[in-house]
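Student: I should like to work through this structure by asking questions in turn. May we begin once it is on display?

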Amino acid sequence: MRYVVRRLSMFLFTLWAAMTLNFFIPRFMPGNPLQALEARTRGKVSPATLESILSSFGYKPNSALVPQYFTYLKDMVSGAWGQSIGLSLGEPVRDIVFQALPWTLGLIGLTTVVAFLLGNAVGIVAGWRRGGTLDSWLPSTLVITANLPYYWIGMLLILLFASTLGWLPPDFNYDPTILPGFSPGFVGSVLQHAVLPAFTLLITSIGGWILTMRNNMITTLAEDYVRMARAKGLADRKIMFGYAARNAMLPNISGFAMSLGFVLSGSVLVEYVFNYPGLGYQLLNAVDNNDYPLMQVLFMLYTVAVLVSLLAADFFMAWLDPRARAKG
Amino acid sequence: MKFASLVKNRKALVGLILFALTVLLAAFPGLFTSVHNPGEIGTYGPNLGPSTGHLLGTTSYGQDIYSQLVYGARQVLEIALLAGAFATVLAVLIGITAAYMGGIVDEALSLVTNVVLILPTFPLMIILAKYAGQSNEVMIIVLVATGWSYGANQMRAQALSLRNRDFLEAARVRGERRSYIILFEMLPTMTSLIVANFLGSALYSVLAASGLQFIGLGNTDQQSWGTMLYNAHSMEALQAGNALWIIAPGLAIALLSAAFALMNYAFDEIGNPALRPVRRKDLRRSRKAERLAAQAADPHAEKGARDADPDVYADAS
């Protein structure tokens, strides 16, 4: 019980810290929504009009900061997220977020899961066949691929498969000439547009999983209980999965939770390269246009996502691993 | 952990060479190109293909790509080394203080560390870099502010495991000052973790800084690889058929990050021999050892051999 309370208070504290940072950083820095709007309308609209437009959407730069801060906290938590004062002026932030969310969740979320499963499978085999052909060249290659600038990989894939070969579309989430709906044409178009960004993420994210899993396997295989299983004459497959891999995967689970949490926020550059209208793309828009309301909500969602998945991982680990249960 | 063992490891050697090459480019760009104003617009014709005059062609602004590449090494290297160093110092300070002081200080520092660890780093970096202006100093501060927490956790864990060792107890009994114990007794035993942390932070800084430059948040007064990519992307170099403008700077970033990553991984291997690649010779030897061990009918043969060499394994923990 003490464990749960501790976890939950940590959760709330982090959330509060993130929201506070996100309130004060933009407001203490040079530049404000009014200037951004003036630049975008190129002086065609008078500043006074712009100011009244902004204030009608809830932007009050001249009111005191502290009450503003408390209203902000209340609004964030209660879901009164207000309206965008950036690119899509006046559109409810909630609409923008819920339009973008499925695309990010679908693309990045699925890719993260696939990378985790595939990476662990390869890592198990590489660690088991220590010194085999797979294991001899794999680590050095993966150390490099795992640290490639992934947005650059995206650009290379566009160069090869879109510009040169013309097999796949270079950007957007679906062909705008097709009416959205559950038609085969639309679903096919969505999948087609997801291939390149998904591979971009897969190429760079799978290496980390393979390497950690391989190293965990190697450490686990040296344990006495694996030796015991060998001595009992168990089948290799049984030792590999039932004895070694099962235990070697435990540390990876919290890593997986962490990466699931970063699904929402870790995709900014991929969405930028592919003009994929997910949450990351919206964040860049919001930052470019000093769209405080949108920025605040996105940042809060990013933090909540990480916190929730960490919390879930903690409880999952406690359920999975008796040692973690005993410690908590 | 000696320099000689770094050179013997092939991964480390490749990493060192790549790193040295970047240092050379950053320190003496004049040695590699005769162009002195790589940023000036319209010096040459736009979108020229590669030729002897322009090894990698020119941008659509009419700048020589090769010379931009050469001059671009300095900014990212400066940022990576400085941000890596500061983040490591901060991690050591906070981690060791938390572990050594314990109690309420530890609770507070650990809380701050964990909060920073969980914050969505890249969006936070974007917001900070966007509003704090675009200079190398801001970039370094942003990277340090978001990058120290992982290391601090590691340092704290390592320092905690040291806290009750006899040699520290001995120093305390001798009546040494706290600062002396931390600086001259604890820190030297943590050298390998500190170096690994520096390499990791530098790697993270290369990638994060280039990523920020790529979305146009870098210092544009100076050439940088990320900004080159930003320009190439916003001028639609792909559609203009100017593939080298995209391939070259990205490859440069990839090679520098590979340099740090390889050195870091090799460092891990040297510290933790269990991860080293198995050589055929070693395999034969270990089989022979296993046979001998089996003959001796000692079930702990392998484990015993490991315990006999605590020095090597101390680094792995």
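**Reading the predicted complex**

Student: What percentage of the 317 residues in chain B is buried?

Tutor: This is a predicted model, in which local features need pLDDT of at least 70, side-chain atom pairs count only at pLDDT 80 or more, and totals for chains, interfaces and linings use all residues. Residues are numbered from 1 along each chain as its sequence is written, while chains are lettered from A and ligands numbered from 1 in the order in which they are written. A residue is buried if 20 or more other C-beta atoms, placed from the backbone, lie within 10 Å of its own, exposed if 12 or fewer, and partly exposed in between. For the 317 residues of chain B, the buried portion is 41%.

Student: How many helices and how many strands does chain B have?

Tutor: Both are DSSP runs numbered from the N terminus: helices are H or I with at least four residues, and strands are E with at least two. By that rule, chain B has 0 strands, and its helices number 15.

Student: Which residues of α2(B) are buried, and why are they said to lie on the same side?

Tutor: Helix α2 of chain B covers residues 10-27. Its buried residues are B:K11, B:A12, B:G15, B:F19, B:T22 and B:L25. They lie on the same side of α2(B) because they cover an arc of only 155° around the axis, the arc being that of the directions from the helix axis to the C-beta atoms.

Student: Which exposed residues does the opposite face of α2(B) carry?

Tutor: The face in question is turned away from the buried side of α2(B). Its exposed residues are B:R10, B:I17, B:A20 and B:A27.

Student: Which element gives the largest share of the side of chain B that touches chain A?

Tutor: Two residues are in contact if their C-beta atoms, placed from the backbone, lie within 7 Å. The contact takes 44 residues from chain A and 37 residues from chain B. Elements giving two or more residues to the chain B side are α4, α5, α10 and α12 of chain B. The largest share, 9 residues, is that of α12(B).

Student: Over which residues of chain B is the pLDDT below 50?

Tutor: pLDDT is the predictor's confidence in each residue, from 0 to 100. Chain B averages 79, and 83% of the residues score at least 70. The stretch with pLDDT below 50 is residues 297-317.

Conventions
Expected span 1.5 Å × (residues − 1).
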